[in-house]
Amino acid sequence: MTENDTGTQDAGWRGLLAKGALGLSLFTVLWFVVAALGTKFGLWSWQFGLGKMTLGWGPNLVFLTLGVSVIALIISLIKAPRKRAFILALAALLIAGLNLGRVGAFGGQALRLPPIHDVQTDWANPVRPSEALLAARAETPGANPVEDAPVVPDNAAARWPGTPGRLVAELQEEAEFVPEEQDSPKVAPYPKLDTYVAPMPPAQAYEAVLGVVEDRGWDIVTADATEGRIEATETSFWFGFKDDVMIRILPDESGSRIDVRSVSRVGLSDLGANAKRVRSLLDDIETAVH
């Protein structure tokens, strides 16, 4: 019997190993999904879902899957029949490689970004939360405080040496891309965040900004046209993390001065999510007011 005749036949224990490798690769994908959704639906804490399952055990599971997949792929080529075992092992290796890429990118991003979870456009005159927003944040156990001049805590020393005790405002400024001074955004992990001045009265600017927030589907906590204050909460899809966005609209000689602050409720580093959110929101606001 030729290899072509036996190409689709079971390869015995080599085929079982290939099937096992594929099953392990699919289980690894499911592992990360369960870790995220379990956290979102309150089955366990975010420290367990993200810290233990995803960042702690997750990489070990990925490397195990990768090793088993490589072994299965090599063994599948030893003798005929090869086809089915090779395809299964190759599929397992591709899935394991994708998982490794995602874990590697996640880890690299975590080290590249500063250990902060609070960004805003005006640290000289901080946007302060309302009592309503503070009450909403208090519903989250161990929520990060919202301070006028927060500093990096001591527990950041292990991963980000030299940062504990430094002002968050300084780290944000250092991480921002400055087109006039830097050639590419790749050299700086954060987009530039500045106060936006809208060419219209505060009342009109307020309505435009409120429309942008409503279009994003965020949960609005405060919408006070008199104070020029809008506060809303965005909840992430996977882990269910809540980040609070504070928007302040004040009169300015040129129209209205719009400042934005975004603060994560939990966690030391936001992996750049808040800075991206503020930049995206400012871009949408600029589009809405023109």
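Before I come to any single residue, let me say that a helix here is a DSSP run of H or I with at least four residues, numbered from the N terminus. With that in hand, Val212 belongs to helix α7, and I will come back to that residue once the wider picture is in place. Please keep in mind throughout that we are looking at a predicted model.

On confidence, the mean pLDDT of the chain is 91, with 93% of its residues reaching 70 or more. The lowest confidence falls in helix α1, residues 3-6, where the mean is 46, whereas β4 has the highest, at 98. Over residues 1-8 the pLDDT remains under 50, and for that stretch the model has 9 contacts beyond four places in sequence.

Let me turn to the core. The largest nonpolar core comprises 38 residues, and those with the most contacts inside it are Val209, Ile230, Ile247, Ile249, Ile258, Leu281 and Ile285. At least two residues of this core come from each of α6 (168-175), β2 (196-198), α7 (202-215), β4 (229-235), β5 (242-252), β6 (255-264) and α8 (273-288). The greatest contribution is that of α7, which gives 7 residues. There is also another core, apart from this one, made of 10 residues, including Ala18, Ala21, Ala85 and Leu88.

Which residues does Ile230 contact, once neighbours within four places in sequence are set aside? They are Tyr206, Val209, Leu210, Val213, Thr222, Val245, Met246, Ile247 and Ile249.

That brings us to the strands themselves. β4 and β5 run antiparallel to one another and are paired over 7 bridges, with Glu231 standing opposite Met246 in β5. The hairpin of these two strands has 6 residues between them, and in that hairpin Gly240 adopts a positive phi near 75 degrees. β5 also pairs with β6, again in the antiparallel sense, over 10 bridges, and here Ile247 has Val260 in β6 as its bridge partner. Between β5 and β6, which form a hairpin as well, there are 2 residues. As a reminder while you look at these strands, in a regular strand the side chains alternate between the two faces of the sheet.

Now back to Val212 in α7. Is this residue buried or exposed? Its relative accessibility is 9%, so Val212 counts as buried, the cut-off being under 20%. Beyond its neighbours within four places in sequence, Val212 is in contact with Leu281, Asp284, Ile285 and Ala288, and among these Leu281 and Ile285 are also listed with the most contacts inside the largest core.

A second buried residue, this time a charged one by name, is Arg137, which lies in helix α5, residues 131-138. Arg137 counts as buried because its relative accessibility is 3%. A polar atom of the Arg137 side chain lies 3.2 Å from the backbone oxygen of Ser264. Leaving out neighbours within four places in sequence, the contacts of Arg137 are Ala143, Asn144, Val146, Asp244, Val263, Ser264 and Arg265.

Let me move on to the helices that come earlier in the chain, starting with α2, residues 13-40. For its 28 residues, at 1.5 Å a residue, the helix should span 40 Å, and its end C-alpha atoms are indeed 40 Å apart, so the two values agree. The buried residues of α2 include Ala18, Ala21, Leu22, Phe32 and Ala35, and the buried residues of this helix pack against α3 and α4 (83-112). After α2 comes Gly42, which has a positive phi near 75 degrees.

Trp13, also in α2, gives a contrast: Trp13 counts as exposed because its relative accessibility is 56%. The C-alpha atoms of Trp13 and Ser76 are 63 residues apart along the chain, yet separated by 9.7 Å.

Finally, in helix α3, residues 46-76, we find Thr54, which counts as buried because its relative accessibility is 12%. The Thr54 side chain reaches the backbone oxygen of Gly49 at 2.8 Å. Not counting residues up to four places away in sequence, Thr54 touches Phe32, Ala35, Gly49, Pro59 and Phe239; of these, Phe32 and Ala35 are among the buried residues of α2.

Key: Residues numbered from 1 in each chain as written. Predicted model: local features only at pLDDT ≥ 70, side-chain atom pairs only at ≥ 80, totals over all residues. Heavy atoms only, no water. Core = buried A, V, L, I, M, F, W, Y, C linked by side-chain atoms within 4.5 Å. Buried < 20%, exposed > 50% of the residue type's maximum accessible area, 1.4 Å probe, protein only. Contact = heavy atoms within 4.5 Å. Polar contact = N/O pair within 3.5 Å; in protein donor to acceptor, adjacent residues only side chain to side chain. Pairing = 2+ DSSP bridges. Expected span 1.5 Å × (residues − 1). pLDDT = per-residue confidence, 0-100.
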